[in-house]
Amino acid sequence: MPDPRIDVVLLTMNDRPTEEAAAQATLLAQTNVELRICVDGCTPALVPPGAITVALPENLGIPGGRNAGAEALRKAGDPAGLLFFLDNDATFPRPDVLARLVAEAERRPKAAYVQPRLTGPDDVTTPRRWVPRLRASHPERSGIITTMTEGVVLLRREAFDAAGGWAAEFFLYHEGIALAQQLWAQGYIGWYAAEVRMHHPVTSSARHALFHRCSARNRVWVAYRNLPAALIPAYLTVWTVITLVRSARGGQVHESLRGKREGWARRHEQQRRPMSWRTVWRLTAAGRPPVI
């Protein structure tokens with residue numbers, strides 16, 4: 001039986017040479033899978049043998065850059081049925097990580113995406129924000145999930161394309177929420193394979209003003225793009241309160257309010273693909289009502 005084929009998108013800004021070298025080395029060490037790799041973003045300084053490269057003329061943001069890599073792999077011909085998106089500072093602690101994720105996907109044909117558990121380099125520490133579910137106190141528990149950690153995720157190409165890919169307009173933050181909801185709207189689920197681990201430096205983006213502005217703006221756009229009209233006010237009310245509480249702790253209330261205003265003013269630039277009420281129920285039954 002041939003090894004499963006995976007197209008891998010690795011986005012780079014040449015800003016983490018040591019981390020990216022480790023990411024690529026551990027990617028190339030993966031066994032029992034056939035990989036085709038695209039390194040894209042700026043002109044890459046480090047390219048694995050045989051990889052496709054895409055030098056974007058401008059910074060499209062993380063979701064836009066990932067889309068460009070996925071499109072380059074498609075245009076290269078004979079695209080793989082599976083896509084893996086890899087942050088350039090994430091590493092594989094074992095050579096069988098991708099093979100195990102593929103096995104999880106094969107066991108669960110309704111899973112549009114399979115998510116490993118992301119830990120710090122110690123193989124233990126998992127911040128709550130890295131657990132793709134509301135009940136984050138037990139990151140070691142596998143199960144169905146309704147969102148994703150975007151930088152280390154295996155997706156079915158067919159489902160990814162049908163969902164329209166990543167929300168490029170978001171530029172940064174929450175594109176995983178938008179995509180996961182669209183995948184659920186197709187009738188799929190997400191799966192968190194907690195026993196399969198990957199490593200990532202433990203840092204906090206919340207210290208940056210850009211995080212607070214884009215996070216607040218993109219929450220508005222998630223609601224406008226994906227939710228039935230009747231749920232949009234409830235979603236925005238809940239997340240306005242949560243966002244303001246979080247930003248107040250970091251002294252970034254002004255940036256959060258700026259982001260909310262920008263999101264509302266530009267909401268009509270987003271393509272609406274509201275989920276059905278059946279999808280609302282499925283998400284709620286899975287533990288994540290789409291208003292929170």
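Contact here means heavy atoms within 4.5 Å. The model is predicted.

**Exercise 1. The α7/α8 pair**

Determine how helix α7 and helix α8 are oriented to each other, and list the residues that meet.

*Solution.*
- Take the axes of α7 (residues 232-249) and α8 (residues 253-265). They come within 8 Å.
- They cross at roughly 155°.
- Angles over 145 degrees count as roughly antiparallel. α7 and α8 are therefore roughly antiparallel to each other.
- Now the contacts. α7 contributes Leu236, Trp239, Thr240, Thr243, Leu244, Ser247 and Ala248. From α8 come Val253, Ser256, Leu257, Lys260 and Trp264.

**Exercise 2. Length and burial of α6**

Check the span of helix α6 against its residue count, then decide whether α6 is enclosed.

*Solution.*
- α6 covers residues 209-226, which is 18 residues.
- The expected span is 1.5 Å times one less than the number of residues. For α6 that gives 26 Å.
- The end C-alpha atoms are 26 Å apart, so the two values agree.
- For burial, the cut-off is under 20% relative accessible area. 16 of the 18 residues of α6 pass, so α6 is largely enclosed by the rest of the structure.

**Exercise 3. The sheet**

Write down the strand order, identify the edges, and trace pairings by residue.

*Solution.*
- 8 strands form an open sheet, ordered β3-β2-β1-β4-β7-β5-β8-β6. The pairing is mixed.
- The edges are β3 (52-55) and β6 (143-145), each pairing on one side only.
- On average, neighbouring strands are turned by 25° against each other, direction ignored.
- Start with β1 (residues 5-12) and β2 (residues 34-41). They run parallel, joined by 8 bridges. Threonine 12 stands opposite glycine 41 in β2.
- Move to β5 and β8. These also run parallel, with 8 bridges. Arginine 117 faces arginine 197 in β8.
- Finish with β6 and β8. They pair in the antiparallel sense over 3 bridges. Glycine 143 has tyrosine 192 in β8 as its bridge partner.

**Exercise 4. β8, the core and α5**

Place strand β8 with respect to solvent, the largest nonpolar core and helix α5.

*Solution.*
- 9 of the 11 residues of β8 are buried, so β8 is largely enclosed by the rest of the structure.
- The largest nonpolar core has 73 residues. Phe84, Leu86, Tyr113 and Leu155 have the most contacts inside this core.
- β8 (residues 189-199) gives the most to this core, with 7 residues.
- Helix α5 (residues 175-185) lies across β5 (111-119), β6, β7 (152-156) and β8. α5 runs at about 145° to β5.

Terms used
Residues numbered from 1 in each chain as written. Predicted model: local features only at pLDDT ≥ 70, side-chain atom pairs only at ≥ 80, totals over all residues. Heavy atoms only, no water. Core = buried A, V, L, I, M, F, W, Y, C linked by side-chain atoms within 4.5 Å. Buried < 20%, exposed > 50% of the residue type's maximum accessible area, 1.4 Å probe, protein only. Helix = DSSP H or I, 4+ residues; strand = E, 2+ residues; numbered from the N terminus. Pairing = 2+ DSSP bridges. Axes fitted to C-alpha atoms, helices over the stretch in contact; angles between N-to-C directions. Parallel < 35°, antiparallel > 145°, perpendicular 65-115°, else oblique.
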